[in-house]
Amino acid sequence: MDIEKYTKKIYDKFGQEYQKTREEKRPERAFNEFLEMPCMFKAVGNIKEKKLLDVGCGAGVHIKKYLKKGALCSGIDLSETMISFAREKNKNVHFNVGTITKLPYKNNSFGIVTASLMIDYVKNLNKAFSEVNRVLKKGGLFYYSDMNPATESRDIYENKEIKIDAFGYVEYKKTGKIISLGRSWLERIDHFEMVPGMKVKFYKRMFRTHLNALIKSGFELVDFIDCRPVKEFKKYNSKEYEMLTKFPMFSIYVARKK
Ligand SMILES: C[S@@+](CC[C@H](N)C(=O)[O-])C[C@H]1O[C@@H](n2cnc3c(N)ncnc32)[C@H](O)[C@@H]1O
């Protein structure tokens, strides 16, 4: 099955359980709220009265904050389940169900486009970035978060003694000790069990692939921000806090429409 159809199916089916784990801030799922979100909110800075589109908006948790910052928001997501949560949370915002590769908006509509942890589900980066470029005004900014390219290089492996997940965390089964290893250069689709039964598939890419797709689609890269977890995260998962302060799991690309 094509990855877009697969992703839609999986978020439609497990969206409620996924969002529940986010809201409950379960230790194994707390890194959006304490890692990506604070990093993205700081990156976008002052967005008062800016027209902002959040792509892959999920349950609209970012939009809630962007509204508080005074932005005029719209949101779009592949999954009807996720959009129904987004609508519940943000009554006066216009949401669409749809894909980044075919945005239902006119040319030059937005000053800002954001995309939090969704680009890795997209097969054709050039198509996606060209669409974002089309709906942005000249000079408009595109902020998207993704796995850090070094973290992307990790491989899945398991034997009797150890288990390595898609992000390179090596767990020694006997002691529970966790370390991290890596491998670069191989771009591929990998998978990860987001919540029990919810196996997401995602692309692992090199930094250069992102950069070339951005340039080809009419952007210039103006910043690349490695996300550090906020201190509060320590109380939810002190082990992961330690690891995430040593190397970045997520980074934010900031690109300007030329
Ligand atoms: C990991 S969730 C992140 C949701 C939200 N941005 C957040 O950080 O809370 C990824 C979201 O991207 C959406 N998505 C995946 N591929 C997409 C596409 N091609 N176009 C639009 N949304 C997509 C999924 O349906 C899902 O809601």
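In this predicted model, helix α5 covers residues 125–135, and its buried residues are Leu125, Ala128, Phe129, Glu131, Val132, Asn133 and Val135. Look around that helix and you will find what these buried residues pack against: the strands β1 (51–55), β4 (110–116), β5 (136–147), β12 (219–226) and β13 (250–257), together with helix α7 (207–216).

One of those α5 residues, Val132, leads us straight to the largest nonpolar core. This core has 64 residues, and Val132 is among the members that touch the most others, along with Leu35, Leu52, Val55, Ala86, Val113 and Phe142. Helix α2, residues 31–44, gives the most to this core, with 7 residues. In soluble globular proteins, nonpolar side chains tend to be buried together.

Let us pause at Leu52, one of those well-connected core members. Setting aside neighbours within four places in sequence, Leu52 is in contact with Ile47, Tyr66, Ala71, Leu72, Cys73, Phe110, Ile112 and Thr114.

Now follow α2 itself. This helix has 14 residues and reaches 19 Å from its first C-alpha to its last, close to the 20 Å expected at 1.5 Å a residue. Along the way there is a kink of about 30° at Met37, shortly before the proline Pro38. Met37 is also one of the buried residues of α2, which are Phe31, Asn32, Phe34, Leu35, Glu36, Met37, Cys39, Met40 and Val44. You have already met Leu35, as one of the core residues that touch the most other members.

Just after α2, Gly45 takes a positive phi of about 60°. The loop between α2 and β1 then holds two residues worth a visit, Asn46 and Glu49. Asn46 counts as exposed because it has 9 C-beta neighbours inside 10 Å. Across space, Asn46 and Ala71 are 8.9 Å apart, C-alpha to C-alpha, although 25 residues apart in sequence. Glu49 is exposed too, with 11 other C-beta atoms within 10 Å, and it has a positive phi of about 65° although it is not a glycine.

A similar backbone feature appears in the loop between β4 and α5, where Leu117 sits. Leu117 is not a glycine, yet it has a positive phi of about 50°. Is Leu117 exposed or only partly exposed? With 19 C-beta neighbours inside 10 Å, it counts as partly exposed, because a residue needs 20 or more to be buried.

Next comes helix α4, residues 80–89, whose buried residues are Thr81, Met82, Ile83, Phe85 and Ala86. What covers them includes α1, α3 (61–68), β2 (72–77) and β3 (94–97). Ala86 is another of the core members that touch the most others.

Helix α1, part of that cover, also brings us to the ligand. Which residues are closest to the ligand? Gly56, Gly58, Leu78, Ser116 and Met118 are, out of 20 residues that surround it. That shell divides into 11 nonpolar, 7 polar and 2 charged residues. Helix α1 (residues 3–23) gives the most to the shell, with 3 residues.

Elsewhere in α1 you can find Glu17. Glu17 is partly exposed, with 13 other C-beta atoms within 10 Å. Leaving out neighbours within four places in sequence, Glu17 is in contact with Val195 and Met198. The C-alpha atoms of Glu17 and Met198 are separated by 9.1 Å, while the two residues are 181 residues apart along the chain.

Pro149 offers another meeting of distant parts of the sequence. It is found in helix α6, residues 149–152, and is partly exposed, with 19 other C-beta atoms within 10 Å. Not counting residues up to four places away in sequence, Pro149 touches Met206 and Phe207. Pro149 and Ser251 are 102 residues apart in sequence and 8.4 Å apart in space, C-alpha to C-alpha.

We can end at Gly176, in the loop between β8 (169–172) and β9 (178–180). With 8 other C-beta atoms within 10 Å, Gly176 is exposed. How far apart are the C-alpha atoms of Gly176 and Gly45? They are separated by 40 Å, with the two positions 131 residues apart along the chain.

Methods:
Residues are numbered from 1 along each chain as its sequence is written. This is a predicted model: local features need pLDDT of at least 70, side-chain atom pairs count only at pLDDT 80 or more; totals for chains, interfaces and linings use all residues. A residue is near a molecule or strand if its C-beta atom, placed from the backbone, lies within 6 Å of it. Helices (H or I, at least four residues) and strands (E, at least two) are DSSP runs, numbered from the N terminus. Ala, Val, Leu, Ile, Met, Phe, Trp, Tyr, Cys and Pro count as nonpolar, Asp, Glu, Lys and Arg as charged, and the others, Gly among them, as polar. A nonpolar core is a set of buried Ala, Val, Leu, Ile, Met, Phe, Trp, Tyr and Cys residues joined through C-beta atoms within 7 Å. A residue is buried if 20 or more other C-beta atoms lie within 10 Å of its own, exposed if 12 or fewer, and partly exposed in between; C-beta atoms are placed from the backbone. Two residues are in contact if their C-beta atoms, placed from the backbone, lie within 7 Å. The expected span of a helix is 1.5 Å times one less than its number of residues. The bend at a residue is the angle between axes fitted to the seven residues ending there and the seven starting there.
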